[in-house]
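Me: Please take a close look at one part of this model. I would like to see how some of its strands pair and what lies in its nonpolar core.

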Amino acid sequence: MSGLRLRLRRPLEDRINLFGIVPDQLRDLSLEAIAALPVANEATEERLSDWFDVFDGDRSILKLEGDLSRADYIGGGMRDGTIELTGGAGHFLAEGMRGGRIIVTGNASDYACSDLRGGSVVIEGSVGRCCAAARPAVRRGMRGGSVTICGDAGEQLCTRMRRGIVVLYGTAEGDVATGMIAGSLVLHSHVEGVIGAGMRRGTILVLSDRMPFRHAGFTAAEIVELSYLPLLVRSLDAKSQALFADQLSAGSPVSRSLGDRAVGGMGELIWFTPIIKDESTYTPAQLIADDHEADVAFGA
Amino acid sequence: MIINGIEIEDTFAEAFPMTATRLIITAADRYWALRAAEAMTGFATSVIGCGCEAAIERELDERLSPDGRPAISVLVFSMSGKELEKQIVRRVGQCVLTCPSTSVFSGLTTEKSVALGSKLRYFGDGFQISKLIDGRRFWRIPVMDGEFVCEDSTSRTSAVGGGNFLVLSQSLTGALRACEAAMDAMRSIPNVIMPFPGGVARSGSKVGSKYKSLSASTNDAYCPTLRPITNSRLPAGVSAALEVVIDGLTEADVIRAMRVGILAACDAGKRHGLQMITAGNYGGKLGPFHFHLKEVLS
(Lines give C-alpha, C1' and ligand atoms only; values in the text may rest on other atoms or scores of the structure.)
Protein backbone atom coordinates (compact mmCIF):
# COMPACT_ATOMS: atom_id res chain seq x y z
CA MET A 1 0.00 0.00 0.00
CA SER A 2 1.48 3.39 -0.85
CA GLY A 3 1.84 6.06 1.76
CA LEU A 4 0.11 9.29 2.55
CA ARG A 5 1.08 11.65 -0.28
CA LEU A 6 1.58 15.39 -0.19
CA ARG A 7 2.13 16.75 -3.70
CA LEU A 8 3.33 20.33 -4.03
CA ARG A 9 0.78 22.31 -5.96
CA ARG A 10 2.94 25.26 -7.04
CA PRO A 11 6.57 26.26 -6.83
CA LEU A 12 7.67 27.64 -3.48
CA GLU A 13 8.55 31.33 -3.71
CA ASP A 14 8.99 31.86 0.00
CA ARG A 15 10.41 29.37 2.44
CA ILE A 16 7.90 27.29 4.39
CA ASN A 17 8.26 25.44 7.67
CA LEU A 18 7.13 21.81 7.72
CA PHE A 19 8.14 20.99 11.30
CA GLY A 20 5.79 18.37 12.76
CA ILE A 21 4.41 17.23 9.42
CA VAL A 22 5.57 13.71 10.16
CA PRO A 23 3.96 10.23 10.10
CA ASP A 24 3.60 9.78 13.85
CA GLN A 25 1.78 13.12 14.13
CA LEU A 26 -0.49 12.50 11.15
CA ARG A 27 -1.35 8.90 11.92
CA ASP A 28 -4.56 9.52 13.81
CA LEU A 29 -5.76 12.63 11.97
CA SER A 30 -8.50 12.71 9.40
CA LEU A 31 -7.61 13.78 5.89
CA GLU A 32 -9.41 17.07 6.48
CA ALA A 33 -7.48 17.69 9.67
CA ILE A 34 -4.23 17.02 7.86
CA ALA A 35 -5.11 19.44 5.11
CA ALA A 36 -5.90 22.08 7.70
CA LEU A 37 -2.59 21.81 9.53
CA PRO A 38 -0.83 25.18 9.84
CA VAL A 39 2.27 25.79 7.79
CA ALA A 40 4.34 28.86 8.55
CA ASN A 41 6.10 30.68 5.80
CA GLU A 42 8.22 33.77 5.93
CA ALA A 43 5.25 36.09 5.52
CA THR A 44 2.15 34.48 6.96
CA GLU A 45 0.77 31.28 8.35
CA GLU A 46 -1.16 29.16 5.93
CA ARG A 47 -2.60 25.70 5.77
CA LEU A 48 -1.03 22.57 4.40
CA SER A 49 -3.64 22.34 1.66
CA ASP A 50 -2.64 25.83 0.45
CA TRP A 51 0.58 24.26 -0.74
CA PHE A 52 -0.07 20.55 -1.11
CA ASP A 53 -2.63 18.20 -2.57
CA VAL A 54 -3.24 15.53 0.04
CA PHE A 55 -3.83 11.90 -0.93
CA ASP A 56 -4.53 9.30 1.72
CA GLY A 57 -2.54 6.12 2.12
CA ASP A 58 -0.57 4.04 4.61
CA ARG A 59 -0.04 6.53 7.44
CA SER A 60 3.29 5.03 8.43
CA ILE A 61 4.77 6.36 5.19
CA LEU A 62 4.69 10.02 4.18
CA LYS A 63 5.62 10.83 0.60
CA LEU A 64 6.48 14.42 -0.25
CA GLU A 65 6.48 15.19 -3.95
CA GLY A 66 7.83 18.25 -5.70
CA ASP A 67 10.79 20.58 -5.43
CA LEU A 68 11.00 21.15 -1.67
CA SER A 69 14.36 22.85 -1.63
CA ARG A 70 12.65 25.85 0.00
CA ALA A 71 10.75 23.70 2.52
CA ASP A 72 12.56 23.73 5.83
CA TYR A 73 12.40 21.45 8.87
CA ILE A 74 11.18 18.46 6.91
CA GLY A 75 11.02 15.52 9.31
CA GLY A 76 11.18 17.88 12.27
CA GLY A 77 10.25 16.15 15.52
CA MET A 78 9.70 12.79 13.86
CA ARG A 79 9.61 9.73 16.12
CA ASP A 80 8.43 6.91 13.92
CA GLY A 81 7.55 6.01 10.35
CA THR A 82 9.12 6.86 7.01
CA ILE A 83 9.33 10.04 4.98
CA GLU A 84 10.23 9.79 1.30
CA LEU A 85 11.08 12.93 -0.65
CA THR A 86 11.19 12.70 -4.39
CA GLY A 87 12.64 16.21 -4.72
CA GLY A 88 15.15 18.03 -2.56
CA ALA A 89 14.83 19.29 0.99
CA GLY A 90 15.40 22.71 2.48
CA HIS A 91 17.30 23.70 5.60
CA PHE A 92 17.24 21.91 8.95
CA LEU A 93 16.24 18.52 7.62
CA ALA A 94 15.37 16.08 10.46
CA GLU A 95 15.48 18.75 13.16
CA GLY A 96 14.93 17.08 16.52
CA MET A 97 14.12 13.77 14.87
CA ARG A 98 14.25 10.85 17.32
CA GLY A 99 13.23 7.87 15.27
CA GLY A 100 12.02 6.61 11.92
CA ARG A 101 13.60 6.99 8.53
CA ILE A 102 13.91 9.74 5.94
CA ILE A 103 14.96 9.14 2.35
CA VAL A 104 15.74 12.17 0.18
CA THR A 105 16.05 11.39 -3.50
CA GLY A 106 17.62 14.78 -4.25
CA ASN A 107 19.76 17.21 -2.28
CA ALA A 108 19.35 18.68 1.17
CA SER A 109 20.25 22.24 2.05
CA ASP A 110 22.10 23.64 5.02
CA TYR A 111 22.09 22.28 8.58
CA ALA A 112 20.73 18.91 7.56
CA CYS A 113 20.60 16.63 10.60
CA SER A 114 22.28 19.22 12.82
CA ASP A 115 19.83 18.28 15.56
CA LEU A 116 19.23 14.66 14.65
CA ARG A 117 18.80 12.50 17.75
CA GLY A 118 17.75 9.10 16.44
CA GLY A 119 16.55 7.19 13.41
CA SER A 120 18.19 7.21 10.01
CA VAL A 121 18.45 9.70 7.18
CA VAL A 122 19.59 8.83 3.67
CA ILE A 123 20.33 11.66 1.26
CA GLU A 124 20.90 10.33 -2.21
CA GLY A 125 22.16 13.65 -3.45
CA SER A 126 24.38 16.17 -1.73
CA VAL A 127 24.01 18.29 1.38
CA GLY A 128 24.75 21.93 2.00
CA ARG A 129 26.75 23.51 4.78
CA CYS A 130 26.89 22.29 8.34
CA CYS A 131 25.44 18.84 7.92
CA ALA A 132 25.33 17.14 11.35
CA ALA A 133 27.07 20.22 12.71
CA ALA A 134 26.26 22.54 15.57
CA ARG A 135 24.64 25.80 14.70
CA PRO A 136 26.40 29.02 15.64
CA ALA A 137 26.32 29.59 19.42
CA VAL A 138 25.02 26.06 19.95
CA ARG A 139 27.36 23.71 21.76
CA ARG A 140 26.50 20.45 20.08
CA GLY A 141 25.56 19.20 16.67
CA MET A 142 24.00 15.87 15.77
CA ARG A 143 23.22 13.83 18.86
CA GLY A 144 22.30 10.38 17.56
CA GLY A 145 21.01 8.29 14.71
CA SER A 146 22.66 7.76 11.35
CA VAL A 147 23.09 9.82 8.21
CA THR A 148 24.20 8.55 4.82
CA ILE A 149 25.14 11.11 2.17
CA CYS A 150 25.59 9.64 -1.27
CA GLY A 151 26.78 12.86 -2.85
CA ASP A 152 29.01 15.65 -1.56
CA ALA A 153 28.89 17.78 1.57
CA GLY A 154 29.31 21.50 1.99
CA GLU A 155 31.50 23.19 4.54
CA GLN A 156 31.71 22.30 8.21
CA LEU A 157 30.52 18.75 7.97
CA CYS A 158 30.18 17.30 11.49
CA THR A 159 31.45 20.38 13.30
CA ARG A 160 30.97 19.71 17.02
CA MET A 161 29.05 16.54 16.28
CA ARG A 162 28.10 14.84 19.54
CA ARG A 163 26.92 11.30 18.70
CA GLY A 164 25.71 9.03 15.92
CA ILE A 165 27.14 7.88 12.62
CA VAL A 166 27.62 9.89 9.45
CA VAL A 167 28.69 8.25 6.19
CA LEU A 168 29.80 10.42 3.29
CA TYR A 169 30.41 8.91 -0.12
CA GLY A 170 31.37 12.10 -1.97
CA THR A 171 33.80 14.81 -1.07
CA ALA A 172 33.47 17.55 1.51
CA GLU A 173 34.27 21.21 1.17
CA GLY A 174 36.62 22.78 3.64
CA ASP A 175 37.49 21.25 6.95
CA VAL A 176 35.66 18.29 8.39
CA ALA A 177 34.78 17.26 11.96
CA THR A 178 36.13 20.42 13.52
CA GLY A 179 35.68 20.22 17.27
CA MET A 180 34.05 16.83 16.98
CA ILE A 181 32.83 15.78 20.41
CA ALA A 182 32.04 12.12 19.76
CA GLY A 183 30.33 9.79 17.31
CA SER A 184 31.60 8.27 14.10
CA LEU A 185 32.26 9.67 10.66
CA VAL A 186 33.02 7.44 7.68
CA LEU A 187 34.58 9.12 4.65
CA HIS A 188 34.59 7.15 1.44
CA SER A 189 36.37 9.80 -0.58
CA HIS A 190 39.44 11.89 -0.04
CA VAL A 191 38.89 15.18 1.76
CA GLU A 192 41.18 18.06 0.90
CA GLY A 193 40.54 20.03 4.05
CA VAL A 194 41.80 19.45 7.56
CA ILE A 195 40.15 16.60 9.42
CA GLY A 196 39.45 16.73 13.12
CA ALA A 197 40.90 20.07 14.22
CA GLY A 198 39.96 20.50 17.87
CA MET A 199 38.49 17.01 17.98
CA ARG A 200 37.76 15.74 21.49
CA ARG A 201 36.63 12.16 21.00
CA GLY A 202 34.99 10.13 18.28
CA THR A 203 36.06 8.04 15.35
CA ILE A 204 36.79 9.12 11.82
CA LEU A 205 37.27 6.26 9.42
CA VAL A 206 38.72 7.15 6.03
CA LEU A 207 38.06 4.58 3.35
CA SER A 208 39.58 6.42 0.42
CA ASP A 209 42.82 5.22 -1.10
CA ARG A 210 44.71 8.32 -0.10
CA MET A 211 46.10 9.11 3.30
CA PRO A 212 44.03 11.77 5.04
CA PHE A 213 45.53 15.14 5.88
CA ARG A 214 45.87 15.15 9.63
CA HIS A 215 45.69 18.22 11.76
CA ALA A 216 49.02 19.10 13.38
CA GLY A 217 47.67 18.11 16.78
CA PHE A 218 47.36 14.46 15.80
CA THR A 219 49.88 11.84 16.81
CA ALA A 220 52.08 9.94 14.43
CA ALA A 221 50.28 7.06 12.87
CA GLU A 222 50.50 3.62 14.40
CA ILE A 223 49.56 0.32 12.89
CA VAL A 224 46.93 -1.24 15.14
CA GLU A 225 44.30 -3.95 15.10
CA LEU A 226 40.93 -2.72 16.28
CA SER A 227 38.34 -5.25 17.40
CA TYR A 228 35.68 -2.55 17.21
CA LEU A 229 35.87 -1.97 13.46
CA PRO A 230 33.76 -4.96 12.37
CA LEU A 231 30.98 -3.74 14.66
CA LEU A 232 31.10 -0.28 13.10
CA VAL A 233 31.09 -1.64 9.57
CA ARG A 234 28.21 -4.00 10.25
CA SER A 235 26.13 -1.01 11.28
CA LEU A 236 26.75 0.77 7.98
CA ASP A 237 24.79 0.53 4.78
CA ALA A 238 25.16 -2.54 2.60
CA LYS A 239 27.18 -0.68 0.01
CA SER A 240 29.83 0.35 2.51
CA GLN A 241 30.01 -3.17 3.85
CA ALA A 242 30.39 -4.72 0.43
CA LEU A 243 33.06 -2.25 -0.67
CA PHE A 244 35.35 -2.94 2.23
CA ALA A 245 34.48 -6.42 3.42
CA ASP A 246 38.01 -7.70 3.10
CA GLN A 247 39.76 -4.68 4.53
CA LEU A 248 37.43 -4.39 7.43
CA SER A 249 37.51 -7.96 8.68
CA ALA A 250 38.42 -8.39 12.28
CA GLY A 251 42.11 -8.34 12.89
CA SER A 252 42.99 -6.40 9.77
CA PRO A 253 45.62 -3.84 10.74
CA VAL A 254 44.84 -0.19 10.12
CA SER A 255 46.67 3.06 10.52
CA ARG A 256 45.49 5.13 13.46
CA SER A 257 46.28 8.55 14.73
CA LEU A 258 44.96 10.15 17.93
CA GLY A 259 44.02 13.76 18.49
CA ASP A 260 43.47 16.58 18.60
CA ARG A 261 46.11 16.57 21.32
CA ALA A 262 46.18 20.37 21.22
CA VAL A 263 42.90 20.27 23.15
CA GLY A 264 43.69 17.04 25.00
CA GLY A 265 41.52 15.12 22.59
CA MET A 266 41.45 11.33 22.28
CA GLY A 267 39.63 11.09 19.00
CA GLU A 268 40.88 8.62 16.46
CA LEU A 269 41.53 8.94 12.76
CA ILE A 270 41.72 5.57 11.04
CA TRP A 271 42.66 4.68 7.50
CA PHE A 272 43.91 1.76 5.45
CA THR A 273 46.69 3.13 3.31
CA PRO A 274 50.23 2.25 4.40
CA ILE A 275 51.67 4.89 6.68
CA ILE A 276 54.38 7.09 5.30
CA LYS A 277 57.07 7.59 7.87
CA ASP A 278 56.90 11.31 8.38
CA GLU A 279 58.61 11.40 11.75
CA SER A 280 61.77 10.03 13.24
CA THR A 281 61.48 6.48 14.44
CA TYR A 282 64.63 6.58 16.57
CA THR A 283 64.17 5.13 19.99
CA PRO A 284 66.23 6.32 22.94
CA ALA A 285 68.34 3.15 22.67
CA GLN A 286 69.01 3.86 18.99
CA LEU A 287 70.05 7.42 19.84
CA ILE A 288 72.52 6.17 22.44
CA ALA A 289 73.98 3.67 20.00
CA ASP A 290 74.33 6.33 17.33
CA ASP A 291 76.03 8.66 19.78
CA HIS A 292 78.48 5.88 20.69
CA GLU A 293 79.32 5.23 17.05
CA ALA A 294 79.92 8.94 16.56
CA ASP A 295 82.21 9.02 19.60
CA VAL A 296 84.19 6.08 18.27
CA ALA A 297 84.41 7.62 14.80
CA PHE A 298 85.75 10.90 16.14
CA GLY A 299 88.11 9.36 18.66
CA ALA A 300 86.31 10.67 21.74
CA MET B 1 6.60 -46.98 31.20
CA ILE B 2 9.28 -48.92 29.38
CA ILE B 3 11.48 -47.47 26.65
CA ASN B 4 13.80 -49.81 24.82
CA GLY B 5 13.62 -52.21 27.75
CA ILE B 6 14.51 -49.49 30.26
CA GLU B 7 12.07 -48.79 33.05
CA ILE B 8 11.02 -45.17 33.47
CA GLU B 9 10.01 -44.60 37.06
CA ASP B 10 6.74 -42.85 37.67
CA THR B 11 8.20 -39.85 39.42
CA PHE B 12 9.14 -36.25 38.79
CA ALA B 13 12.06 -33.90 38.82
CA GLU B 14 11.70 -30.90 41.08
CA ALA B 15 13.21 -27.64 39.84
CA PHE B 16 13.57 -24.09 41.05
CA PRO B 17 13.24 -20.56 39.76
CA MET B 18 16.52 -18.86 38.88
CA THR B 19 17.60 -15.89 36.83
CA ALA B 20 19.86 -16.24 33.82
CA THR B 21 21.74 -14.38 31.16
CA ARG B 22 23.52 -15.27 27.95
CA LEU B 23 26.86 -13.87 26.86
CA ILE B 24 28.52 -14.26 23.49
CA ILE B 25 32.30 -14.51 23.48
CA THR B 26 34.17 -13.97 20.24
CA ALA B 27 37.88 -14.29 19.54
CA ALA B 28 40.39 -14.40 16.73
CA ASP B 29 39.75 -18.10 16.29
CA ARG B 30 37.76 -20.95 17.78
CA TYR B 31 40.62 -22.05 20.03
CA TRP B 32 40.76 -18.80 21.95
CA ALA B 33 37.02 -18.35 22.11
CA LEU B 34 36.75 -21.80 23.68
CA ARG B 35 39.54 -21.10 26.15
CA ALA B 36 37.81 -17.95 27.34
CA ALA B 37 34.43 -19.66 27.58
CA GLU B 38 35.85 -22.63 29.44
CA ALA B 39 37.67 -20.42 31.91
CA MET B 40 34.66 -18.20 32.47
CA THR B 41 32.32 -21.12 33.13
CA GLY B 42 34.75 -23.02 35.31
CA PHE B 43 33.93 -23.62 38.97
CA ALA B 44 30.26 -23.00 38.24
CA THR B 45 28.59 -26.34 38.83
CA SER B 46 26.21 -25.37 41.58
CA VAL B 47 24.96 -22.18 43.23
CA ILE B 48 25.47 -23.92 46.57
CA GLY B 49 29.20 -23.37 46.52
CA CYS B 50 30.05 -21.56 43.29
CA GLY B 51 27.75 -18.54 43.23
CA CYS B 52 26.31 -19.46 39.87
CA GLU B 53 25.83 -22.30 37.43
CA ALA B 54 27.35 -21.73 34.04
CA ALA B 55 28.42 -23.61 30.97
CA ILE B 56 28.94 -23.30 27.27
CA GLU B 57 25.60 -23.35 25.50
CA ARG B 58 26.88 -23.80 21.94
CA GLU B 59 29.18 -22.55 19.24
CA LEU B 60 27.49 -19.99 17.04
CA ASP B 61 27.31 -19.89 13.30
CA GLU B 62 29.35 -17.04 11.82
CA ARG B 63 26.16 -15.29 10.74
CA LEU B 64 25.11 -15.01 14.38
CA SER B 65 28.47 -13.72 15.56
CA PRO B 66 28.24 -10.03 16.50
CA ASP B 67 31.56 -9.23 14.87
CA GLY B 68 31.84 -12.03 12.35
CA ARG B 69 34.48 -13.93 14.32
CA PRO B 70 34.21 -17.39 15.89
CA ALA B 71 31.68 -17.10 18.69
CA ILE B 72 30.66 -19.15 21.70
CA SER B 73 27.52 -18.52 23.72
CA VAL B 74 27.52 -19.19 27.43
CA LEU B 75 24.60 -19.26 29.85
CA VAL B 76 24.93 -18.21 33.46
CA PHE B 77 22.29 -18.94 36.08
CA SER B 78 22.05 -17.56 39.57
CA MET B 79 19.54 -17.21 42.39
CA SER B 80 19.26 -13.43 42.19
CA GLY B 81 19.91 -10.62 39.76
CA LYS B 82 22.39 -9.06 42.15
CA GLU B 83 24.42 -12.25 42.44
CA LEU B 84 24.22 -12.82 38.71
CA GLU B 85 25.66 -9.41 38.02
CA LYS B 86 28.42 -9.93 40.53
CA GLN B 87 29.30 -13.30 38.99
CA ILE B 88 29.41 -12.21 35.36
CA VAL B 89 31.40 -9.08 36.06
CA ARG B 90 33.93 -11.06 38.05
CA ARG B 91 34.12 -13.95 35.61
CA VAL B 92 34.30 -11.84 32.47
CA GLY B 93 36.83 -9.57 34.10
CA GLN B 94 39.09 -12.40 35.18
CA CYS B 95 38.58 -14.93 32.41
CA VAL B 96 37.45 -13.20 29.20
CA LEU B 97 39.09 -9.81 29.41
CA THR B 98 42.35 -11.60 30.19
CA CYS B 99 42.12 -14.02 27.27
CA PRO B 100 43.86 -12.92 24.08
CA SER B 101 41.79 -11.52 21.21
CA THR B 102 38.38 -11.82 22.88
CA SER B 103 35.34 -9.58 22.84
CA VAL B 104 32.12 -10.14 24.74
CA PHE B 105 28.55 -9.22 23.89
CA SER B 106 25.11 -9.55 25.35
CA GLY B 107 23.22 -12.56 24.06
CA LEU B 108 19.85 -11.71 25.55
CA THR B 109 17.52 -8.74 25.39
CA THR B 110 14.91 -8.19 28.09
CA GLU B 111 13.72 -5.35 30.27
CA LYS B 112 15.99 -6.36 33.14
CA SER B 113 19.46 -4.99 32.63
CA VAL B 114 22.65 -6.44 34.12
CA ALA B 115 25.76 -4.32 34.21
CA LEU B 116 28.82 -5.66 32.43
CA GLY B 117 31.04 -3.30 30.47
CA SER B 118 29.85 -0.39 32.54
CA LYS B 119 31.67 -2.03 35.46
CA LEU B 120 34.68 -3.34 33.57
CA ARG B 121 35.44 -0.15 31.67
CA TYR B 122 37.44 1.28 34.56
CA PHE B 123 40.23 -1.14 33.77
CA GLY B 124 40.93 1.19 30.86
CA ASP B 125 42.13 3.81 33.35
CA GLY B 126 40.48 6.65 31.51
CA PHE B 127 41.68 5.53 28.08
CA GLN B 128 38.52 3.52 27.42
CA ILE B 129 36.23 4.61 24.59
CA SER B 130 32.45 4.33 24.54
CA LYS B 131 30.65 3.69 21.27
CA LEU B 132 26.91 3.66 20.67
CA ILE B 133 25.76 1.63 17.67
CA ASP B 134 22.09 1.04 16.91
CA GLY B 135 21.17 1.82 20.49
CA ARG B 136 23.70 -0.59 21.98
CA ARG B 137 26.67 0.76 23.91
CA PHE B 138 30.06 -0.88 23.70
CA TRP B 139 33.22 -0.19 25.63
CA ARG B 140 36.61 -0.39 23.95
CA ILE B 141 39.19 -1.00 26.61
CA PRO B 142 42.81 -0.72 25.51
CA VAL B 143 44.86 -3.80 26.32
CA MET B 144 48.19 -5.18 25.26
CA ASP B 145 46.91 -7.02 22.21
CA GLY B 146 44.79 -4.12 20.94
CA GLU B 147 41.44 -3.55 22.51
CA PHE B 148 38.89 -5.54 24.48
CA VAL B 149 35.38 -4.81 23.24
CA CYS B 150 32.70 -5.37 25.86
CA GLU B 151 29.04 -4.53 25.68
CA ASP B 152 27.91 -2.08 28.34
CA SER B 153 25.27 -4.40 29.75
CA THR B 154 23.41 -7.60 29.18
CA SER B 155 19.93 -8.65 30.21
CA ARG B 156 18.55 -11.33 32.44
CA THR B 157 15.45 -13.44 32.38
CA SER B 158 13.55 -15.68 34.76
CA ALA B 159 14.77 -19.21 34.27
CA VAL B 160 14.51 -22.77 35.61
CA GLY B 161 17.25 -24.60 37.42
CA GLY B 162 17.52 -28.18 38.57
CA GLY B 163 15.66 -30.16 35.96
CA ASN B 164 17.16 -33.64 36.19
CA PHE B 165 17.07 -37.33 35.54
CA LEU B 166 19.01 -40.16 37.12
CA VAL B 167 20.54 -43.02 35.20
CA LEU B 168 20.67 -46.34 37.13
CA SER B 169 22.93 -48.97 35.61
CA GLN B 170 24.50 -52.35 36.33
CA SER B 171 27.94 -50.79 36.25
CA LEU B 172 29.67 -47.45 36.43
CA THR B 173 30.92 -47.94 32.90
CA GLY B 174 27.41 -48.56 31.71
CA ALA B 175 26.09 -45.47 33.47
CA LEU B 176 28.87 -43.40 31.95
CA ARG B 177 28.14 -44.62 28.44
CA ALA B 178 24.45 -43.89 28.85
CA CYS B 179 25.11 -40.38 30.15
CA GLU B 180 27.62 -39.67 27.42
CA ALA B 181 25.02 -40.60 24.85
CA ALA B 182 22.51 -38.35 26.59
CA MET B 183 24.95 -35.46 26.65
CA ASP B 184 25.87 -35.87 23.00
CA ALA B 185 22.22 -35.43 22.14
CA MET B 186 21.52 -32.64 24.60
CA ARG B 187 24.41 -30.38 23.63
CA SER B 188 22.66 -29.36 20.43
CA ILE B 189 19.64 -28.00 22.30
CA PRO B 190 19.63 -24.22 22.69
CA ASN B 191 18.72 -22.39 25.88
CA VAL B 192 19.94 -25.11 28.25
CA ILE B 193 23.13 -26.04 30.02
CA MET B 194 24.18 -29.03 32.04
CA PRO B 195 26.50 -27.35 34.52
CA PHE B 196 28.22 -30.30 36.18
CA PRO B 197 31.52 -31.71 34.86
CA GLY B 198 30.77 -33.27 31.50
CA GLY B 199 27.14 -32.45 32.25
CA VAL B 200 26.86 -35.27 34.79
CA ALA B 201 26.90 -35.32 38.60
CA ARG B 202 27.99 -38.36 40.56
CA SER B 203 27.39 -36.77 43.94
CA GLY B 204 23.65 -36.25 43.97
CA SER B 205 22.56 -34.70 47.25
CA LYS B 206 19.67 -34.73 49.65
CA VAL B 207 18.41 -31.94 51.86
CA GLY B 208 19.84 -31.99 55.34
CA SER B 209 22.73 -33.69 57.09
CA LYS B 210 23.64 -35.17 60.41
CA TYR B 211 26.14 -32.34 60.65
CA LYS B 212 24.42 -29.15 61.66
CA SER B 213 26.66 -26.96 59.56
CA LEU B 214 25.72 -28.69 56.31
CA SER B 215 22.50 -28.05 54.46
CA ALA B 216 22.95 -30.93 52.01
CA SER B 217 24.64 -34.31 52.06
CA THR B 218 25.15 -37.40 49.96
CA ASN B 219 21.98 -38.94 48.55
CA ASP B 220 22.42 -42.19 50.44
CA ALA B 221 19.28 -43.72 48.91
CA TYR B 222 21.16 -43.93 45.62
CA CYS B 223 24.59 -44.89 46.95
CA PRO B 224 25.27 -48.52 46.00
CA THR B 225 27.76 -49.07 48.81
CA LEU B 226 25.12 -48.13 51.38
CA ARG B 227 22.39 -50.36 50.00
CA PRO B 228 22.39 -52.78 52.96
CA ILE B 229 22.21 -50.07 55.65
CA THR B 230 19.95 -47.36 54.22
CA ASN B 231 16.54 -46.96 52.66
CA SER B 232 17.93 -47.67 49.25
CA ARG B 233 16.01 -46.79 46.13
CA LEU B 234 18.33 -48.74 43.91
CA PRO B 235 16.73 -51.76 42.23
CA ALA B 236 18.48 -55.09 42.44
CA GLY B 237 21.31 -55.34 40.00
CA VAL B 238 22.03 -51.64 39.90
CA SER B 239 25.48 -50.74 41.10
CA ALA B 240 25.86 -47.14 39.87
CA ALA B 241 23.70 -44.04 39.56
CA LEU B 242 24.52 -40.78 37.80
CA GLU B 243 22.48 -37.60 37.59
CA VAL B 244 22.11 -35.23 34.66
CA VAL B 245 21.13 -31.77 35.89
CA ILE B 246 19.64 -29.24 33.50
CA ASP B 247 19.22 -25.49 33.77
CA GLY B 248 17.11 -23.86 31.09
CA LEU B 249 15.69 -20.50 30.15
CA THR B 250 12.13 -21.84 30.21
CA GLU B 251 10.23 -24.88 31.42
CA ALA B 252 9.75 -25.95 27.82
CA ASP B 253 13.50 -25.87 27.25
CA VAL B 254 14.13 -28.06 30.29
CA ILE B 255 11.45 -30.50 29.28
CA ARG B 256 12.86 -30.75 25.79
CA ALA B 257 16.35 -31.38 27.10
CA MET B 258 15.15 -34.00 29.56
CA ARG B 259 13.24 -35.79 26.84
CA VAL B 260 16.10 -35.77 24.38
CA GLY B 261 18.56 -36.88 27.04
CA ILE B 262 16.45 -39.69 28.43
CA LEU B 263 15.64 -41.06 25.00
CA ALA B 264 19.28 -40.99 23.99
CA ALA B 265 20.30 -42.72 27.21
CA CYS B 266 17.67 -45.40 26.69
CA ASP B 267 18.72 -45.86 23.10
CA ALA B 268 22.36 -46.43 24.01
CA GLY B 269 22.04 -47.77 27.50
CA LYS B 270 20.45 -51.17 27.18
CA ARG B 271 23.57 -52.78 25.77
CA HIS B 272 25.57 -51.15 28.56
CA GLY B 273 23.42 -52.44 31.38
CA LEU B 274 21.13 -49.47 31.88
CA GLN B 275 18.16 -50.59 33.97
CA MET B 276 16.14 -47.57 35.03
CA ILE B 277 15.62 -43.85 34.60
CA THR B 278 14.32 -41.92 37.56
CA ALA B 279 14.41 -38.31 38.78
CA GLY B 280 15.21 -36.38 41.92
CA ASN B 281 12.76 -34.35 43.94
CA TYR B 282 12.08 -33.13 47.47
CA GLY B 283 8.54 -34.34 47.73
CA GLY B 284 7.38 -31.42 45.66
CA LYS B 285 7.65 -29.09 48.64
CA LEU B 286 10.57 -26.91 47.66
CA GLY B 287 10.54 -26.25 43.96
CA PRO B 288 7.52 -24.98 42.00
CA PHE B 289 8.49 -26.77 38.79
CA HIS B 290 7.62 -30.45 38.61
CA PHE B 291 8.66 -32.38 35.51
CA HIS B 292 6.91 -35.74 35.55
CA LEU B 293 8.93 -38.21 33.53
CA LYS B 294 5.92 -39.79 31.89
CA GLU B 295 4.65 -36.42 30.72
CA VAL B 296 8.11 -35.41 29.53
CA LEU B 297 8.34 -38.58 27.46
CA SER B 298 4.81 -38.70 26.18
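Reply: What follows goes from the whole chain to three paired strands and then to the core.

This is a predicted model, in which local features need pLDDT of at least 70 and side-chain atom pairs count only at pLDDT 80 or more, while totals for chains, interfaces and linings use all residues. Residues are numbered from 1 along each chain as its sequence is written, chains are lettered from A in the order in which they are written, and side-chain values use heavy atoms, without hydrogens and water.

Chain A has six helices and 17 strands; these are DSSP runs numbered from the N terminus, helices being H or I with at least four residues and strands E with at least two. Of its 300 residues, 53% count as buried, meaning under 20% relative accessible area with a 1.4 Å probe, protein chains only.

Two strands pair if DSSP finds at least two bridges between them. Strand β10 (residues 120–123) of chain A runs parallel to strand β11 (residues 143–149) of chain A, with four bridges. Here A:Val122 has A:Thr148 as its bridge partner. On to the next strand: β11(A) also pairs in the parallel sense with strand β12 (residues 163–168) of chain A, over five bridges. There A:Thr148 stands opposite A:Val167.

The largest nonpolar core has 64 residues, and A:Leu93 and A:Leu157 have the most contacts inside it. Such a core is a set of buried Ala, Val, Leu, Ile, Met, Phe, Trp, Tyr and Cys residues joined through side-chain atoms within 4.5 Å. Strand β1 (residues 3–8) of chain A gives the most to this core, three residues. Leaving out residues up to four places away in sequence, A:Leu93 touches several others (heavy atoms within 4.5 Å), among them A:Ile74, A:Val121 and A:Ile123.

Technical notes: Buried means under 20% relative accessible area, exposed over 50%, partly exposed in between (1.4 Å probe, protein chains only).
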